[in-house]
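Thank you all for coming; I would like to take a few minutes to walk through one structure with you. Please have the sequence and the coordinates open while I talk.

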Amino acid sequence: MEKEIRTIIHMNPSISSIRMLDDLFLRDEPSIDNAITMFNKFPGLNWRGMAHILTFAKSIQALCALKESGCRELFIGIESGSASIRRKINKPGTVQQVVEVIHSILQAGIDVKGYFIFGFPDETAIDAEETYSLALKLKNISQNTKGTFRTSVFQFRPYHGTQLYNELLQRGKTIHTIKSNIALNVIEGRSQFNFQSGNYSNISDDLLNDFILKTQSFSGD
């Protein structure tokens with residue numbers, strides 16, 4: 001990895017920021033230490049990376065050093081603020097851990113981009129409201145921290161071969177062809193992400209779109 005960074009800098013000496021597109025890059029405490037050590041060799045270079053809530057649940061003390069190494073932003077898949085939905089999709093970490101860890105990251109001066117998904121199978125309006133409320137809470141927390149919080153929101157699509165995909169088929173559900181959800185294109189610059197392949201939740205299409213749009217509104221400062 002260090003060799004690749006040096007190659008990038010050699011090819012473009014003016015580069016000031018890079019993004020690590022590997023969700024296992026910060027998978028545990030040793031990998032966090034390795035990232036800090038590596039990026040400390042490149043003073044002045046900012047970087048962004050993907051992380052998991054449980055990665056930092058036991059490594060909060062490393063956040064300041066991570067910030068000093070040039071870490072500008074962390075991308076975290078939060079997915080849902082509903083405890084029942086999180087259990088259904090086997091998402092590690094509790095909602096409380098999400099709040100505590102992201103609060104600590106923001107306090108360290110590292111920005112957070114949280115990924116959310118609405119429309120999981122059997123998701124109710126109450127589940128969706130809990131997800132929206134979590135996003136709002138994190139956005140409000142960031143108003144009083146050095147780091148900023150922003151969102152990136154998507155509609156659930158079942159991926160072939162996954163547990164949820166197979167469960168839907170077993171229940172006799174039809175997996176529709178992926179198509180654009182033009183109702184979401186009112187948000188500028190998001191048309192390339194606004195795709196759906198059916199609504200498998202217990203929420204109407206209009207309400208589902210409303211939750212996506214108002215949660216996506218936290219994408220800016």
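I will start with the chain as a whole, then turn to its pockets, and finish with two individual residues.

Let me say at the outset that this is a predicted model, and that the values I quote are computed from it. The protein chain has nine helices and seven strands. Its radius of gyration is 19 Å, which is close to the 17 Å given by the globule rule for 221 residues, so the chain is as compact as a globular protein of that length. If you prefer to think in terms of a bounding box along the principal axes, the C-alpha atoms fill one of roughly 55 × 35 × 35 Å. Of the 221 residues, 45% are buried, and when we take the contacts with a separation of 6 or more, 77% of them are between residues 24 or more positions apart.

Now to the pockets. The largest pocket has a volume of about 530 Å³, and of the 19 residues that line it, the closest to its centre are Ile117, Phe120, Phe156, Arg157 and Tyr159. Which elements supply at least two residues each to this lining? They are strand S4, covering residues 111-118, strand S5, and helix H8, covering residues 163-170, with S4 giving the largest share, namely three residues. In terms of class, the lining of this largest pocket divides into 12 nonpolar, four polar and three charged residues.

The second largest pocket holds about 200 Å³ of space. Strand S2, residues 46-51, and strand S3, residues 71-79, are the elements that give two or more residues to its lining, and the largest share, four residues, comes from S3. Among the lining residues of this second pocket are Arg19, Asp23, Glu79 and Lys91, together with Met50, His52, Phe75 and Tyr115. By class, the lining has five nonpolar, two polar and four charged residues.

Let me now move to single residues, beginning with glutamine 155, which sits in strand S5, residues 149-155. Is glutamine 155 buried or exposed? Its relative accessible area is 8%, and because the cut-off for buried is under 20%, this residue counts as buried. Beyond its neighbours within four places in sequence, glutamine 155 is in contact with several residues, including Ile117, Phe118, Phe195, Gln196, Leu208 and Ile212. Asn181 is also one of these contacts, and here the side chains of glutamine 155 and asparagine 181 are joined by a polar contact of 3.2 Å. Ile117 deserves a second look, since this residue is in contact with glutamine 155 and is also one of the residues closest to the centre of the largest pocket.

The other residue is arginine 171, which is found in the loop between H8 and strand S6, residues 179-180. Arginine 171 has a relative accessible area of 45%, and is therefore partly exposed, as the value falls between 20% and 50%. Which residues does arginine 171 contact, once its neighbours within four places in sequence are left aside? The answer is Pro121 and Asp122, and with aspartate 122 there is a polar contact between the two side chains, at 2.9 Å. As for spacing, arginine 171 and histidine 160 are 11 residues apart in sequence, and their C-alpha atoms are 15 Å apart in space.

That brings me to the end, and I am glad to take your comments.

Methods: Residues numbered from 1 in each chain as written. Predicted model: local features only at pLDDT ≥ 70, side-chain atom pairs only at ≥ 80, totals over all residues. Heavy atoms only, no water. Buried < 20%, exposed > 50% of the residue type's maximum accessible area, 1.4 Å probe, protein only. Polar contact = N/O pair within 3.5 Å; in protein donor to acceptor, adjacent residues only side chain to side chain. Contact = heavy atoms within 4.5 Å. 1 Å grid on protein atoms, 1.4 Å probe; cavity = no way out; pocket = protein on both sides within 12 Å on 5 of 7 lines; lining within 4 Å. Points joined across faces, edges and corners; volume = space filled by probe spheres on them. Nonpolar A, V, L, I, M, F, W, Y, C, P; charged D, E, K, R; others polar. Rg over C-alpha atoms; globule rule 2.2 N^0.38 Å.
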